[in-house]
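Student: I've just opened this one and don't know my way around yet. Could we walk through it together?

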Amino acid sequence: MLLFVMLAGMSLQPGPMAAASRAWVLRSRGDFENMKMEGVALSPDGDVTLSGKATVLADAAQPNLWCLARDPSGTLYAGSGNDGRILRVRPEDGSPSEVIFDSQNLGVQAIAFDSRGRLFAATSPRGGVYLISPEGMSVLIFDPADLYIWALAFDSRDRLYVATGRKGRVFRVDSLAPGAAATIVLDGREDNIRSLAVGSDDAIYAGSDQNGIVYRIAASGKSSVVYDTPMREITALTVMPGPKGTDLIYAAALAPVQRQGRAPGQAAPPGVTRVRVTAEEGNVEGEGQAEEGGERQPTQSRPEGRQAAQESLHG
């Protein structure tokens, strides 16, 4: 419980102008709903503490900033929409942000750096994966047929994993050269694979949209289900080292869904999964069946420019 005391209009001289102090008690978070708060943070229990300082590093003049990543030197890069650009921000020297890449597409949804510090970016819709030089020159590396590219991740061997939609797949690109082919290492039979994170032993964790499943893709390409959440969409994943070489997986999820035989918000019973993994590499049977890992040649025909991308979205 919080007690605030305000002293209002007190006078040291007796007389008709003197005023008494007033006090009131704020007991819950709801008591603060009409207050303007600056420099403080309000906890769910109603406790008020000093908040962290927020500094605006750049004004992108864009309606959305979809992704952030830092290169080895600490320089910050941001992918934007609806103009599909990448901004470079150097907060350490206070220099203004600069646009280093304009994809002519609607959005840059993912940014990743390989072990050499090279910048890779994914554009959507009907986009591709680009290698971008420090001078802003770009080369198309991988051009999947899928409509969206939601996430990128590198393992320790600099193999690039690409999460896509609307078919909900994960590709692995082993050779980062123009026109690269890729292997499908996960086909979840869901709308989208929205997030990727790298774990120990070069395992890749992938979060889906439609059934809210967290998958594990081994370095060999075999995939399995880690957790079948009661949520619809896994929007972000972070993996941290756990005890005895295990991975601790943190997942951000949206929109609880009701499935047959399960009440809203009720998690799947322990040990229950939605797929069955066979011994054949990259093949998952049952719900969420994956295609056998194989080479997929990049699609050559693709709409160019933002106008074409908008047309493709609306039929």
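Tutor: Sure, one term to begin with: buried means under 20% relative accessible area, exposed means over 50%, and partly exposed is in between (1.4 Å probe, protein chains only). This is a predicted model, where local features need pLDDT of at least 70 and side-chain atom pairs count only at pLDDT 80 or more, while totals for chains, interfaces and linings use all residues. Residues are numbered from 1 along each chain as its sequence is written, and side-chain values use heavy atoms, with hydrogens and water left out.

Student: Is Arg88 buried or exposed?
Tutor: The relative accessible area of Arg88 is 9%. The cut-off for buried is under 20%. So Arg88 counts as buried.

Student: How many strands are there in the protein chain?
Tutor: Helices (H or I, at least four residues) and strands (E, at least two) are DSSP runs, numbered from the N terminus. The chain has 315 residues, and 43% of them are buried. Next to 1 helix, the protein chain has 25 strands.

Student: Which residue forms salt bridges with Arg88 and Arg90?
Tutor: A salt bridge needs a side-chain nitrogen of Lys or Arg within 4 Å of a carboxyl oxygen of Asp or Glu. For Arg88 the N to O distance is 3.0 Å, and for Arg90 the closest N and O atoms are 3.1 Å apart. Arg88 sits in strand 7 (residues 85-90) and its partner in strand 8, 10 residues apart. That partner is partly exposed at 31%, and its name is Glu98.

Student: Which residue is linked with Asp83 and Arg85 in a network of salt bridges?
Tutor: Start with Arg85 and Asp83, whose side chains meet at 4.0 Å, N to O. Arg85 is partly exposed at 27% relative accessibility, and Asp83 is partly exposed at 26%. The network that holds these two also includes Asp102.

Student: Is the ring pair of Phe101 and Tyr130 stacked, edge-to-face or tilted?
Tutor: Rings of Phe, Tyr and Trp (its six-membered ring) pair if their centres lie within 6.5 Å; planes under 30 degrees apart are stacked, over 60 edge-to-face, and the rest tilted. Phe101 lies in strand 8 (residues 95-102) and Tyr130 in strand 11, so the pair ties together parts 29 residues apart in sequence. Both residues are buried. Their centres are 5.5 Å apart and their planes at 50 degrees, so the pair is tilted.

Student: Which strand gives the largest share of the largest nonpolar core?
Tutor: A nonpolar core is a set of buried Ala, Val, Leu, Ile, Met, Phe, Trp, Tyr and Cys residues joined through side-chain atoms within 4.5 Å. This core has 19 residues, and Val129, Phe142, Leu152, Leu160, Val162 and Val173 touch the most other members. Elements giving two or more residues include strand 9 (107-113), strand 12 (138-142) and strand 14 (160-165). The largest share, 3 residues, comes from strand 13.

Student: Which residues does Val173 contact, leaving aside neighbours within four places in sequence?
Tutor: Contact means heavy atoms within 4.5 Å. Val173 is one of the core members that touch the most others. With those neighbours left aside, its contacts are Phe142, Arg159, Leu160, Val162, Ala180, Ala181 and Ala182.

Student: How far apart in space are Ala177 and Leu140, C-alpha to C-alpha?
Tutor: Ala177 is in the loop between strand 15 (169-173) and strand 16 (182-187). At 31% relative accessibility, Ala177 is partly exposed. Ala177 and Leu140 are 37 residues apart in sequence, and their C-alpha distance is 8.5 Å.
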